[in-house]
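Got your viewer open? Here is a short tour, one selection at a time.

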Amino acid sequence: MIVLPEKTVLTSLGYELDCSGEAFGYLTDSSNLLNQPQKLRQRMQQDGYLYLRALLNSQEVWQSRQEIAELLAAEDCLKPGHPILECVAKPGLKMHFRPDLAAQSQAIKKLLYSGRMMEFYQVFLGRDVRPFDYTWLRAIAPGHGTYAHCDIVYMGRGTHDLYTTWTPLGDVSLEMGGLIILENSHRLERIKNDYGCKDVDSYCSNRKTAQLYASGEKWWNGALSKNPVSLRKKYGGRWLTADFKAGDVLIFGMFTIHASLDNHSQQIRLSSDSRYQLASEPVDERWVGSNPVGHSAAGKRGRIC
Ligand SMILES: O=C(O)CCC(=O)C(=O)O
Ligand SMILES: [Fe+2]
């Protein structure tokens, strides 16, 4: 039986999730396995994710939140009359993806690329680790979350032994809309052999529209589906999530299907996603360097289809 707080309705992209025990559940906390690399790797192989409660120092998380909140306040995105740390959104605010905010925060860099996070990866991967130099920061205003996808389609040009850490920057309740993971989706051969072979920055150079894709005017956004309810019915498994607290992290592999819940609160949902791999493995060049090219025109690749 799944117990949800009273009157909680969970939606993703406006679709109400079936919260019965066969369609929905909570993430398994693996923090009891910390410092046991073999067991951590086994758990990752088995589940496709590691939910590690209180991995990070929560003070450092709140400090990061403070820096982002100050930037949002300076942009006049927050509703006056509330402590800025609450990040209550100005009515009507539209906001989603703000990597530029992460680039301006020293506290975020320290949180994600030193200390406990790097120590964890060093143990988990067993040798020298390198993170990507690009930080995906989400400042999700009240409204829709993120569509279902696998990260491989955005960052698959280097090693596939690459991991995402999703870090809530503060407490992220079910109402505020945290990440959801589709149980056992990392094992789906259909995903690995079809959708999972795609690359959002590749285009067919022999098509009429080639120039539009090459310049970045047009692009495929990498969505696997915009309907998380029918997606779950198609592939099976449950949507899994948690009542995330500052200090928690959720780590997953490149083929794990994930999305996020809609934000039904008044606050802006703040979180980051960052990536880590062995330093000795090939790296996806779009995401490294002092000014990563990312999905801009410089990262596009044409091929004959
Ligand atoms: O935070 C979100 O809404 C999406 C995050 C995500 O896609 C990721 O961490 O890879
Ligand atoms: Fe993702």
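The stops run from the whole chain down to single residues.

**Before you click.** This is a predicted model, in which local features need pLDDT of at least 70 and side-chain atom pairs count only at pLDDT 80 or more, while totals for chains, interfaces and linings use all residues. Residues are numbered from 1 along each chain as its sequence is written, and chains are lettered from A and ligands numbered from 1 in the order in which they are written.

**The whole chain.** Start with a cartoon view: you should find nine helices and 14 strands. Those are DSSP runs numbered from the N terminus, with helices being H or I of at least four residues and strands being E of at least two. The radius of gyration, taken over C-alpha atoms, is 19 Å, close to the 19 Å from the globule rule (2.2 Å times the number of residues to the power 0.38) for 305 residues, so the chain is as compact as a globular protein of that length. Along the principal axes, the C-alpha trace spans about 55 × 45 × 40 Å. Of the 305 residues, 42% count as buried. Buried means 20 or more other C-beta atoms within 10 Å of a residue's own, exposed means 12 or fewer, and partly exposed is in between, with C-beta atoms placed from the backbone.

**An open sheet.** Now select β3, β10, β8 and β12, which line up in that order as an open sheet with mixed pairing. Two strands pair here if DSSP finds at least two bridges between them. Look at the edges: β3 (24-26) and β12 (258-260) each have a single partner strand, so one side of each is left without a neighbour in the sheet. Zoom in on β8 (residues 179-182), which runs antiparallel to β12 and is joined to it by three bridges. There, I180 sits opposite A259 of β12.

**β4 and β11.** Next, pick β4 (residues 49-52) and turn it around. Y49 and Y51 on one side, and L50 and L52 on the other, are all buried, so both faces are covered. Add β11 (residues 249-253), which is antiparallel to β4 and linked to it by four bridges. Which residue in β11 is the bridge partner of L50? That would be I251. Leaving aside neighbours within four places in sequence, I251 is in contact (C-beta atoms, placed from the backbone, within 7 Å) with Y49, L50, L52, Y163, T164 and T165.

**The core.** Keep I251 selected and add L72, I181 and L250: in the largest nonpolar core, with 74 residues, these four touch the most other members. A nonpolar core is a set of buried Ala, Val, Leu, Ile, Met, Phe, Trp, Tyr and Cys residues joined through C-beta atoms within 7 Å. Helix α5 (residues 115-125) gives the largest share of this core, five residues.

**Helix α5.** Show the side chains of M117, F120, Y121, F124 and L125, the buried residues of α5. They cover an arc of only 110° around the axis (taken from the directions from the helix axis to the C-beta atoms), which puts them on the same side of α5. Their packing partners are α1 (37-47), α4 (106-113), β5 (129-131), β7 (162-168) and β13 (269-278). Just after the helix, G126 has a positive phi of about 90°.

**Last stop, W219.** Find W219 in the loop between α8 (210-215) and α9 (228-235). Is W219 buried or partly exposed? W219 counts as partly exposed, with 14 C-beta neighbours inside 10 Å. Not counting residues up to four places away in sequence, W219 touches V200, Y213 and H295.

Note on methods. Contact = placed C-beta atoms within 7 Å.
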